[in-house]
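This briefing covers two ligand sites and two sheets. Please read it alongside the sequence and the structure shown here.

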Amino acid sequence: MSALLDVRNLRVTFGGTAAVRGASLTVEKGETHCLVGESGCGKSVTALALMGLLARGGKREADALSFAGQDIRNLGERDMSRLRGDRMAMIVQEPMTSLNPADTVGSQLTEVLRRHRGASRAQAVDRAAELLGRVGITAPGLRLGQYPHQLSGGLRQRVMIAMALMCDPELLIADEPTTALDVTVQAQILRLLAELQAEFGLGILLITHDLGVVARIADRVSVMYAGEVVESAPTAELFAAPQHPYTRGLLTCVPVPGKVKRGEPLGSIPGVVPRIPPGFVGCSFRDRCAYAHAACKHDIPRQHAGPDHEALCTLPPGWTDRAAA
Amino acid sequence: MSDIPAIEVRGLRRVFDVRQGLFAKPRQVVAVDDVSFSVPAGSVLGIVGESGCGKTTLARMILGLLPPSSGDVLIDGQRLGDLDRRARARLIQPVFQDPFSSLNPRRRVRDIVAMPLVAQGNIAGDEVKRRVGEALERVGLSAEQGSRYPSQLSGGQRQRVAIARALVLRPRIVVCDEPTSALDVSVQAQILNLLAELRKDLGLTYLFISHNLAVVEHVASEVAVMYLGRIVERNESEALFAHPQHPYTRALLDSVLTPEPGLGVPDVGLGDTMPDPANIPPGCRFHPRCPLAFERCSHETPKLTPNEAGFVECLLAEE
Ligand SMILES: Nc1ncnc2c1ncn2[C@@H]1O[C@H](COP(=O)(O)OP(=O)(O)OP(=O)(O)O)[C@@H](O)[C@H]1O
Ligand SMILES: Nc1ncnc2c1ncn2[C@@H]1O[C@H](COP(=O)(O)OP(=O)(O)OP(=O)(O)O)[C@@H](O)[C@H]1O
Ligand SMILES: [Mg+2]
Ligand SMILES: [Mg+2]
């Protein structure tokens, strides 16, 4: 059986600049695949490209792009918008930009169900109230009548989550869905997503900076850097034996509660993401990499560190074990 | 350093009227309910708490962006209402959570950073230029990046712009509302290290709101925990993280997801019924969700019980 979502060698350009230069990933039914990486590396653009929601001027190419076995590369806008919000739903990174400030939360939530399912107003209101309850918003009556600016950041984010779930999607693409939430609400939302996976086999592509979330809920993790997926592995393997030096660096930057030393600087990866000029060859991390050598200026092999663990790096698979020894 | 606290708030309260329909009677949402604290100059007060508990509302009142329903805000010993807009801007500046929407997309970075200086109205053009250059350098942005538009920068760079704008007037106090939640961990570390460095070099005072408890533990000297509009526990950072006293604080700490695969997502037993700020429970406002609640909690309002450096508001602590 084919994967729920199958993306091969996705590329996105804006004018002359490449925002995504080669992203491949799959999401199986019932699977959680997390996408992590430096600010600006192309995670959101990847997600928007999959949904056919790129900003004007964005151009998408891919060797394969299929949803539930259907090639969606050449679907027209009408067919795409029929899928969107229904069988594949997305939670965008900035709730404020996708909620209509002039319309109440209630009418924006119910609109989704009425458009895709032809539900009556009363049915849609019931469903909206039910979902608001499930994402931990009490007094749905009060909240349904409010405008987005009257909600706190976390309430807005939960409204967006409820909206994405209105039609019981098969695939959920969630871009930083819990960043504005406190940790107890975050835990509640993550448990809700796990329930939906168990009940309906929901597949999730989750973009997040929070490696704690990744560790706890992902089945598989892909790491992006400068527009490319540079490493992909089952979660436990990625945390135990990261291959790519960027992944290693990222993991050492996480402040762990109870282990932080106040007054000391936090670890970070020196330098900034480079601008990748057209025609660039080799590893885009090499200028920041402590292990860079001559081979990094040429084509980089995609190496297998395990049956299901790939990294785009010249270093021999398993080098980290030796580096640690 | 003076003994006058950088920030002092007394009995601060803010109520919003929310209409449920054209003809329905408005309900009152109590977003901040009788909050008092002071922040000594040069220290960092971390504020954590449930989303919707009133942190941003509190920050906006301290910045003078939102009038309180009652209570006072004193900045450097002066009542906020007695300071004119320009004097206030020289004392206290914000860094907001959202680097995307808090920067004007139609202005170049250096003009955005110059705004607070220009708004002062009495600073010469080349002085403005010099100080903008200095602020950009301080936050690690190049002159070339100064001539870009916000959309041409990454999230981390945009957050640096927001920090440069907050610092350009050399304020004494910076209110940070989730300054790093949009950033990856490496850029987050760079920004936090920068904030710590600035505090050391310039003696800044921070009010630091964040959902990331490890980050708060790292930067804050004291921490206040908010629940449903009130501070329910306050203490030195170390003491609060080592032995949290309020059951809500404990629930928060127990919900933190450390990067350890295989442990799953904990359920700390708060239940799924979140509080309704338009309908605050009697007694202890946390009692309907508290795993340790007993009979008295439902009708008796807990008093403040002092701890190392602050207090906790819980009947169990009064015993
Ligand atoms: N509409 C656009 N026009 C031009 N460039 C764009 C546009 N949208 C995004 N980009 C660029 O594409 C690159 C990738 O951006 P993207 O938003 O995908 O980053 P991200 O990985 O989601 O970062 P973050 O973690 O900060 O959200 C960035 O360099 C960004 O400036
Ligand atoms: N302009 C407004 N009109 C009506 N209610 C409001 C308004 N602004 C805030 N509120 C309400 O006040 C309460 C506190 O909101 P606030 O934004 O201060 O929360 P917060 O602690 O910052 O939450 P978060 O962590 O989610 O950002 C919420 O119930 C919110 O809906
Ligand atoms: Mg993004
Ligand atoms: Mg807020």
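**Ligand 2**

An oxygen atom of ligand 2 has a polar side-chain atom of Thr57(B) at 2.5 Å. The protein covers 92% of the 640 Å² of accessible area that ligand 2 has on its own. The model is predicted, and ligand 2 lies in it between chains A and B.

- Ligand 2 is surrounded by 20 residues. The nearest of these are Gly154(A) from one chain, and Gly52(B), Lys55(B), Thr56(B) and Thr57(B) from the other.
- Chain A contributes a polar backbone atom of Gly154(A), which is 2.7 Å from an oxygen atom of ligand 2.
- Chain B contributes a polar backbone atom of Gly54(B), at 2.9 Å from an oxygen atom of ligand 2.

**Ligand 1**

- Around ligand 1 there are 13 residues, and Gly40(A), Lys43(A), Ser44(A), Val45(A) and His209(A) are the closest.
- Sorted by class, this shell holds five nonpolar residues, six polar ones and two charged ones.
- Helix α1 of chain A, residues 43-50, supplies three residues, the largest share of the shell around ligand 1.
- Two glycines approach ligand 1 through the backbone: an N or O atom of Gly40(A) is 2.7 Å from an oxygen atom of the ligand, and one of Gly42(A) is 3.0 Å from an oxygen atom of the ligand.
- Lys43(A) approaches through its side chain, with a polar atom 2.8 Å from an oxygen atom of ligand 1.
- Of the 640 Å² of accessible area that ligand 1 has on its own, the protein covers 69%.

**Eight-stranded sheet of chain B**

- Eight strands of chain B form an open sheet with mixed pairing, in the order β6-β7-β8-β3-β9-β10-β12-β11.
- Why do β6 and β11 of chain B each have one side without a neighbour in the sheet? β6 (92-95) and β11 (304-306) stand at the edges and have a single partner strand each, so one side of each is left free of a neighbour in the sheet.
- On average, and with direction ignored, neighbouring strands of this sheet are turned by 20 degrees against each other.
- Within the sheet, strand β3 (residues 44-49) and strand β8 (residues 205-209) of chain B run parallel and are joined by four bridges.
- In this part of the sheet, Gly46(B) has Phe208(B) in β8(B) as its bridge partner.
- Helix α7 of chain B (residues 185-202) lies across β3 and β8 of chain B, at about 155 degrees to β8(B).
- Helix α10 of chain B (residues 247-255) lies across β3, β9 (222-227) and β10 (230-236) of chain B, and runs at about 105 degrees to β9(B).

**Four-stranded sheet of chain B**

- Another open sheet in chain B has four strands in the order β2-β1-β4-β5, and its pairing is antiparallel.
- Its edge strands are β2 (27-39) and β5 (78-79) of chain B, each of which pairs on one side only.
- Strand β1 (residues 7-18) and strand β4 (residues 70-75) of chain B run antiparallel, with five bridges between them.
- Across these strands, Glu8(B) stands opposite Leu74(B) in β4(B).
- Helix α1 of chain B, residues 55-62, packs on this sheet and touches β1, β2 and β4 of chain B. The direction of this helix makes about 120 degrees with that of β1(B).

How values were computed:
Residues numbered from 1 in each chain as written. Chains lettered and ligands numbered in written order. Predicted model: local features only at pLDDT ≥ 70, side-chain atom pairs only at ≥ 80, totals over all residues. Heavy atoms only, no water. Pairing = 2+ DSSP bridges. Helix = DSSP H or I, 4+ residues; strand = E, 2+ residues; numbered from the N terminus. Contact = heavy atoms within 4.5 Å. Axes fitted to C-alpha atoms, helices over the stretch in contact; angles between N-to-C directions. Near = heavy atom within 4 Å. Polar contact = N/O pair within 3.5 Å; in protein donor to acceptor, adjacent residues only side chain to side chain. Areas by Shrake-Rupley, 256 points an atom, 1.4 Å probe, with all protein chains shown as cover. Nonpolar A, V, L, I, M, F, W, Y, C, P; charged D, E, K, R; others polar.
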